[in-house]
Amino acid sequence: MQKPAFDNPDVTVITPTSPVSEPTHGGRAKCLQRLIRLDLPVPRTVALSFDTVHRFTSGYRPDVSGILAEFAPSALLCVRPSSQDPDWGGPRAVLNIGMNDARHSELCKRIGARGATEIYLRFIQTYAVDVARLDAEMFDDLGGTGPEALKRALRRFEDEAEEPFPQDRGVQLAEILRSMARAWEGTTARLLRQAKGAPVDAGLGLVVQEMTLGGGTGESGAGVLQLVDSTTGKPQVTGRYLSRSQGREAVEEDARSIYLEKDPRGASLEELAPDAFAALKDHAARMRERLREEMQIEFTIADGDLHILDGVRVERSARAALRIAVSLADDGIITRQEALMRIEPRALPELLHRQVAASAKRDIVGSGIAASPGAATGRIVFTSEAAQASAARGEPCVLVRRETSPEDIRGMHAASAVLTERGGMTSHAAVIGRGLGLPCIVGAANLRYSPDQKTLLAQDGRVLNEGDEITIDGTSGQVLVGAVETIEANLDETFRRFMSWADAERDIGVRANADTPADARAAVHFRAQGIGLCRTEHMFFETERLTPMREMIFAQDAKDREAALEIVLPMQRADFLELFRIMQGHPVCIRLFDPPLHEFLPTSRSGQRELAEALDIPVSDVTRRIDGLTEYNPMLGMRGVRLGITVPEIYDMQARAIFEATVEAGREGVQIVPEIMLPLVSAKREVELVRARIEAVAASVRAERGADFTFRLGVMVETPRACLRAGDIAEHTQFLSFGTNDLTQMTYGLSRDDAGRFMSEYVRQSVFDEDPFHRLDSEGVGELLSLGATRGRAARPDVILSICGEHAAHADSIAFCRAAGFDYVSCSPFRVPVARLAAAQLALSDKMK
């Protein structure tokens, strides 16, 4: 090995022992050192540290002579970026440094005039655009790639730059190093990498590497190779090779490139240069084993000799990343624990839902908040009735609303996706969308919704009409015109094994929020440990139940209310029995009726006339009753436990339905201890009053059915006062489930449905670090949770603690719950795998400390 001409840790030849590390020189430099340690044929390379590159931007001139002394005088060089994380990007590589008129003449004799001229032309164009900052269009009409084109290129460079193209290799290298450093420090580049998680002061290293050019009779060219498919993660030799070429861009963009393995569709490197191909596969396998990662190799062949220029982590989709991690663990290269730590929990939704293909063309017409992941295509409808009619015809549709309400539940069930003009991450559409696994975009304010004209007006002036086909990408928040290519969800055995490894590590329970049998089946499918929240109000919006509910609302006394609810009772009993059957003994926590009654009454004049006709009463009686139920702030009015106390017949009916379903399930062999949760509690007396009635109903059912059963009673803690008085409340309950959605609203005095209008500006100006409805506010809301948990456990040490808001699947929320001693978290069914993995990673992180 050639001895280094100098010994400087900031500018060093990469050898097996040189002082190179990722935090100082970047991932590419460190990877090249690892390849050298594996005795792979890596060309001579010099690494420049972060500090050195940073100084270039303030006028520091690099020791170009010292760098060049490491290479032969005639060697062409390339410079590549080396950031700490390759995902942070960086300036593009510059090849063929040292190319000039004299070198061109030499190469014409060695490799031929055509090849030499193409190399020189590529270098002139790259230098002009990336270093001299000239317009790329000046090279559009050079008239080919021959000698005359080269003369024109040199002349145009001189005309535009007002100086000849530099012929000195040292000048070229110095200017390229400075240009790449400045590009990294630019505002746009900095913002782009910060968006990918890079710190503000992220550094850039550079590597200067000798290029290899074949010129004899043997095969010469360049290519890239990897051993897995980037989309699926399955074993597959992937890549391309192109004779007489340089750089991965030339290989990937040139139609003349050939396959690597033998392929019936065309020529291959395996046939062209079998020895080089065999060596390449062997090197790739060694890299996988020793670097403990699937790597993509950039290589050149010079007169039949193989050279490894670079090794980078294979780009991969979420499903490929998971399969790769499992495969590495199966082969004993990494542990199962490390495999778990390699997958970001937030990437799992890509596996659980259909996604827009990475190669799909996107005609973006609008955007909003990506509230529920997945992709779906359908024709625009503007009402729930139209969505149901579309579903009945077997035609996929996208339900578009200004904002959704509980009345839209049936339409959301019928739709393939939902788009709303208003709303945030915890608005009605977002919460229900995630629960249903329905792609959903909310807060799409750049699409003007006109319900009267039944149109959507985009900012670019395009108008979308009812019946037009659009695609909702709930993962990115983009609204696309027409149908696009998608990739189906793929929950295969690899995924199930991976999640079983996560379950073996985590130390906190994960349940699902499930309101319907379909939700419950999804919860079981995703291995939830029970239902942590069943919102019963959604069951009342079915057509056959809505009329008796309205009759109950218009009833004059308790007897009439009971008569109306008698119609609903068998339906509710069947609902709960079906849930119990599906969950097969796993806990089911049922929240009793929560919303204000006005939500069940029609708002349109035509709807009010239909209701009057159904109830055989004057329309004036309907409007008078609606006016009587109107509240200034209904979400803080007569709802939840307040309704259960003032209109007790509703909770009596629901308790009876739960207990009768429990008895029936027991007779079928399904043993269940139902959990009954009271919403919006603020005082212990509320619990005492409702508990007394529920226990009376339980006693009545036991006597009538001749069967014994037990149940648990708990409270949904979603008001600040309930947190502060949790000790009093816990004395009368067996569990406290903290509803962080409403608790966040009440703590901030902020409507989650309206917060989207200004939240981005608040986050931008650092009023909030993050949207508190998207990420748990551990300081404010978290302090209330801690107080509630501490005081609840002090009064009743065995009280079960959980959270069941939309925050529950986030890693920081789970970390908070683990630290506070909570027993489980409960989230929407399609978020259960996310929570399971996040919990496992937190447990593993604690073990590693």
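Good morning. Among the contacts in this chain with a separation of 6 or more, 67% are between residues 24 or more positions apart. I begin there because the model before you, which is a predicted one, can be introduced through pairs of residues that are distant in sequence.

Two such pairs will serve as examples. Asp39 and His283 are 244 residues apart along the chain, and their C-alpha atoms are separated by 9.7 Å. Asp39 itself is found in the loop that runs between helix 2 (27–37) and strand 2 (45–48). With a relative accessible area of 67%, Asp39 is exposed.

The second pair is Ser83 and Ala329. These residues are 246 positions apart along the chain, and 27 Å separates their C-alpha atoms. Ala329 belongs to helix 13, which covers residues 318–330. Is Ala329 buried or exposed? Its relative accessibility is 12%, and the limit for a buried residue is under 20%, so Ala329 counts as buried. Which residues does Ala329 touch, once its neighbours within four places in sequence are left aside? The contacts are Ile334, Thr335, Arg336, Ala339 and Trp501.

Let me now turn to the chain as a whole. It has 849 residues, and 55% of them count as buried. The secondary structure consists of 34 helices and 30 strands. Along the principal axes, the C-alpha trace spans about 105 × 60 × 55 Å.

As to the surface, the accessible area of the chain is about 35900 Å², and carbon and sulfur atoms account for 48% of that area. Charged side chains number 101 positive and 122 negative. The centres of these two sets lie 2 Å apart.

I come next to the interior. Rolling a probe the size of a water molecule over the atoms shows where empty space is left. How many cavities of 30 Å³ or more does a search of the whole structure find? The search finds four. The largest cavity has a volume of about 80 Å³.

The residues around the largest cavity deserve a closer look. Its lining includes Ile409, His413, Ile432, Gly435 and Leu436. Also among the lining residues are Asn513, Asp515, Thr516 and Asp519, together with Arg535 and His538. Two helices, helix 17 (409–414) and helix 18 (428–436), each supply at least two residues of this lining. Which element gives the largest share? That element is helix 18, with three residues.

Finally, I draw your attention to two backbone positions in loops. The first is Lys454, a residue other than glycine whose phi is positive, near 55°. Lys454 lies between strand 17 (447–450) and strand 18 (455–458), in the loop that links them. A relative accessible area of 37% makes Lys454 partly exposed.

The second is Asp616, where phi is near 60°, again a positive value in a residue other than glycine. Where is Asp616 placed? Asp616 sits in the loop between helix 23 (605–615) and helix 24 (619–629). Why is Asp616 described as exposed? Its relative accessible area is 69%, and the term applies to values over 50%, so Asp616 is exposed.

To close, I return to two points. The contacts with a separation of 6 or more are 67% between residues at least 24 positions apart, and the largest cavity takes three of its lining residues from helix 18. Thank you for your attention.

How values were computed. Residues are numbered from 1 along each chain as its sequence is written. This is a predicted model: local features need pLDDT of at least 70, side-chain atom pairs count only at pLDDT 80 or more; totals for chains, interfaces and linings use all residues. Side-chain values use heavy atoms; hydrogens and water are left out. Helices (H or I, at least four residues) and strands (E, at least two) are DSSP runs, numbered from the N terminus. Buried means under 20% relative accessible area, exposed over 50%, partly exposed in between (1.4 Å probe, protein chains only). Contact means heavy atoms within 4.5 Å. Accessible areas come from the Shrake-Rupley method with a 1.4 Å probe; for residues, only the protein chains shown count as cover. Lys and Arg count as positive and Asp and Glu as negative; His and the chain ends are not counted. The place of a charge is taken as NZ of Lys, CZ of Arg, CG of Asp or CD of Glu. On a 1 Å grid over the protein atoms alone, a cavity is a set of points where a 1.4 Å probe fits but cannot get out, and a pocket is an open set with protein on both sides within 12 Å along at least five of seven lines; lining residues have an atom within 4 Å of a point. Grid points are joined across faces, edges and corners, and a volume is the space filled by probe spheres set on the points.
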